Amino acid sequence: MAIKDLQARQGDIELVAKVVEKAEPRTFDKFGKQGRVCNAKLQDDTGKVTLTLWNDDVDKVNVGDTIKLSKGYVGEWQGELQLSAGKFGTIEVVTKGSSEAKSSEVVEEDETTGDYEEPE
């Protein structure tokens, strides 16, 4: 299925797309249990859509990865379509993105002393 063909309240979605953005995860408490959630932006040749990642899927998916969503669900939030694996769906990383450092901070070793120095 292509992103352009998605409609609100549609289920059993099979989609392959690239992760082009990923927000910082946030934690929440529901019924006394803590969980994590974050949004990612998916893109294919036909458009972009938001994918909501829950709990373990937050760490599974990174910018640059191509993922396959199986048995997903399309919801709508503030007039914008949002994909989710939901209760019965799965997210699989088909190809990993580039292995470039995700962090802007680099710890450097001083070659003369062997000491590590934190960036300023």
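**Notebook: core, strands and one ring pair**

I started with Asp57, which touches Ala85 and Ile91 once residues up to four places away in sequence are left out. I should jot down right away that I am working with a predicted model. Asp57 has its place in helix H1, residues 56-60. Is Asp57 buried or exposed? Its relative accessible area is 15%, and the cut-off for buried is under 20%, so I wrote it down as buried.

**Entry two: the core**

Ile91, a contact of Asp57, led me on to the largest nonpolar core, which has 20 residues. Which members touch the most other members? I found Leu42, Leu53, Ile67, Leu83 and Ile91. Next I checked which elements give two or more residues to this core: they are strand E1 (10-22), strand E3 (33-44), strand E4 (47-54) and strand E5 (66-77). E1 provides the largest share, four residues.

I then picked Leu83 and listed its contacts, leaving aside neighbours within four places in sequence. Among them are Leu6, Ile13, Leu15 and Leu42. The list also includes Val49, Thr50, Leu51 and Thr52, as well as Leu69, Tyr73 and Val74.

**Entry three: how E4 pairs**

E4 gives residues to the core, so to speak my next stop. How do E3 and E4 run? They are antiparallel, and eight bridges join them. The two strands form a hairpin, with two residues between them. I followed one position across: Asn39 stands opposite Thr52 in E4.

E4 also pairs with strand E6, residues 80-84. Here the sense is parallel, and I noted three bridges. Thr52 turned up again, with Ser84 as its bridge partner in E6. My sketch therefore puts Thr52 opposite Asn39 and also in a bridge with Ser84.

**Entry four: the rings**

How many aromatic pairs are there? The count comes to one. Phe28 and Trp54 have ring centres 5.8 Å apart and planes at 90 degrees. Planes over 60 degrees apart count as edge-to-face, so that is what I called this pair. The partners come from distant parts of the chain, 26 residues apart: Phe28 lies in strand E2 (residues 26-30) and Trp54 in strand E4.

Last, I looked up how much of each ring residue is accessible. Phe28 has a relative accessible area of 26%, so it is partly exposed. Trp54 is partly exposed too, with 41%.

Note on methods:
Residues numbered from 1 in each chain as written. Predicted model: local features only at pLDDT ≥ 70, side-chain atom pairs only at ≥ 80, totals over all residues. Heavy atoms only, no water. Core = buried A, V, L, I, M, F, W, Y, C linked by side-chain atoms within 4.5 Å. Buried < 20%, exposed > 50% of the residue type's maximum accessible area, 1.4 Å probe, protein only. Contact = heavy atoms within 4.5 Å. Phe/Tyr/Trp six-rings, centres within 6.5 Å; stacked < 30°, edge-to-face > 60°.
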